[in-house]
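Thanks for opening this one with me. Here is a short note to help you find your way around.

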Amino acid sequence: MKNIRTKNSIDLSVEIAGIKMKNPVLAASGTFGYGTEYLPLVPPGLFGAVITKTITLLPRAGNKPPRVYETPGGMLNSIGLANVGAEKFLKEKLPELLSHHPVVIVNIAGNTMEEYVELAGMLKGRPGISGIELNISCPNVKQGGVAFGSDPIQAAKLTTLAKKAADKPLIVKLSPNVADIAAIARAVEQAGADAISLINTLYGMAIDIDKQRPVLGNITGGLSGPAVKPVALYNVFKASRAVKVPVIGLGGIMSSDDAVEFMLAGASAVQIGTASFVDPSAVKEITGGLKDYCLKKGYSKVSQITGKLAV
Ligand SMILES: Cc1cc2nc3c(=O)[nH]c(=O)nc-3n(C[C@H](O)[C@H](O)[C@H](O)COP(=O)(O)O)c2cc1C
């Protein structure tokens, strides 16, 4: 008898850097808190993986308010990596996070390379953490962040050190605020990154014309949401052609059609950030829509879409 494909028979599972996920839709760092804040709104277990808010060695208060501002087609944020610090995260936040979400990736950052290394070491041997996302692309902090991510030599050095210190798959999160994304992607791949994710936010600002002052307390911020999608897609396309490791694409993904675009451009998985602020259950529409697309196009597995773009 002929095998009839149905929506339910579509295989959404993906494996990235050895991390098995039930679907390719991940919660982006900093937009899903510590993974528990959304529980009243979104049933747990819908995401392929949850990526935590960036964790730093010591607690951080973040930048002075206002720290978010809505813009046409997106938002600006200048949170500045506010977080509870590594010790409190591991003791209090992580156990609860793991009780709700099967696949957890911890996003980390430091002011210095030594801090990144120490933090990667603290995560060593911790059961339940599936991977580490190295944030070398935050535009809202004075030290570390995008300073490490915009120079291929520095980015590679930091990746080598973190890889040595870690016992988990290492995903390096790249910034679009660079001259040549392919060069950075190749540099971190050669230094041992198991996967790359991109993009983090673009530099941006807004001005209050009455007060004649910047809107954000930090003066500048990072732009995310639909406004950045074409830029993100370009970077994913360029980076995925420069490396062999899997690429995770993000930046302005609001719908399943957006997610398909990123996968066609070369992404093996996607992350959603700003979309969760607009509709906390956006992940539902996106995973459902990915199945519909596969069914319509005759694919049995979502992973078959990756890189299918004809150019
Ligand atoms: C309020 C806010 C906080 C964020 N915090 C972090 C963070 O702590 N670490 C990080 O790597 N990225 C952070 N990001 C960047 C997002 O993870 C993502 O890279 C970016 O927003 C682009 O995706 P999107 O357009 O789907 O939001 C943050 C973004 C927003 C909007």
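The points below go through the sheets, the ligand and one helix residue.

1. Before anything else, please keep in mind that this is a predicted model.

2. A good place to begin is the barrel. It is closed and has 8 strands, which follow one another as β3-β4-β7-β8-β9-β10-β15-β16. The pairing in this barrel is parallel. On average, and with direction ignored, neighbouring strands of the barrel sheet are turned by 30° against each other.

3. Now pick out one pair of barrel strands. Strand β8 covers residues 129-135 and strand β9 covers residues 170-173; the two pair in the parallel sense over 4 bridges. If you would like a residue to look for, Glu-133 stands opposite Ile-171 in β9. Helix α4, made of residues 152-165, packs on the sheet here and touches both β8 and β9. The direction of helix α4 makes about 155° with that of β9.

4. There is also an open sheet. Its 4 strands come in the order β5-β6-β14-β11, and their pairing is antiparallel. At the edges are β5 (68-71) and β11 (202-204), each of which pairs on one side only. Neighbouring strands in this open sheet are turned by 35° against each other on average, again with direction ignored.

5. Inside the open sheet, try following β6 (residues 74-77) and β14 (residues 221-224), which pair in the antiparallel sense over 3 bridges. Met-75 has Ser-224 in β14 as its bridge partner. As general background, the strands of a sheet pair through backbone hydrogen bonds, either parallel or antiparallel.

6. Which residues come nearest to the ligand? Of the 24 residues around the ligand, they are Ser-29, Thr-54, Lys-173, Gly-252 and Thr-274. Gly-252 also has a backbone N or O atom 2.7 Å from an oxygen atom of the ligand. For Gly-225, a backbone N or O atom lies 2.8 Å from a ligand oxygen atom. Asn-107 takes part through its side chain, where an N or O atom is 3.1 Å from an oxygen atom of the ligand. Taken alone, the ligand exposes 610 Å², and the protein buries 97% of that.

7. Last, is Ser-240 buried or exposed? This residue lies in helix α6, residues 229-242. Ser-240 counts as buried because its relative accessible area is 15%, and the cut-off for buried is under 20%. Leaving aside neighbours within four places in sequence, Ser-240 is in contact with Val-247, Ala-265 and Gly-266.

Definitions and conventions
Residues numbered from 1 in each chain as written. Predicted model: local features only at pLDDT ≥ 70, side-chain atom pairs only at ≥ 80, totals over all residues. Heavy atoms only, no water. Pairing = 2+ DSSP bridges. Axes fitted to C-alpha atoms, helices over the stretch in contact; angles between N-to-C directions. Contact = heavy atoms within 4.5 Å. Near = heavy atom within 4 Å. Polar contact = N/O pair within 3.5 Å; in protein donor to acceptor, adjacent residues only side chain to side chain. Areas by Shrake-Rupley, 256 points an atom, 1.4 Å probe, with all protein chains shown as cover. Buried < 20%, exposed > 50% of the residue type's maximum accessible area, 1.4 Å probe, protein only.
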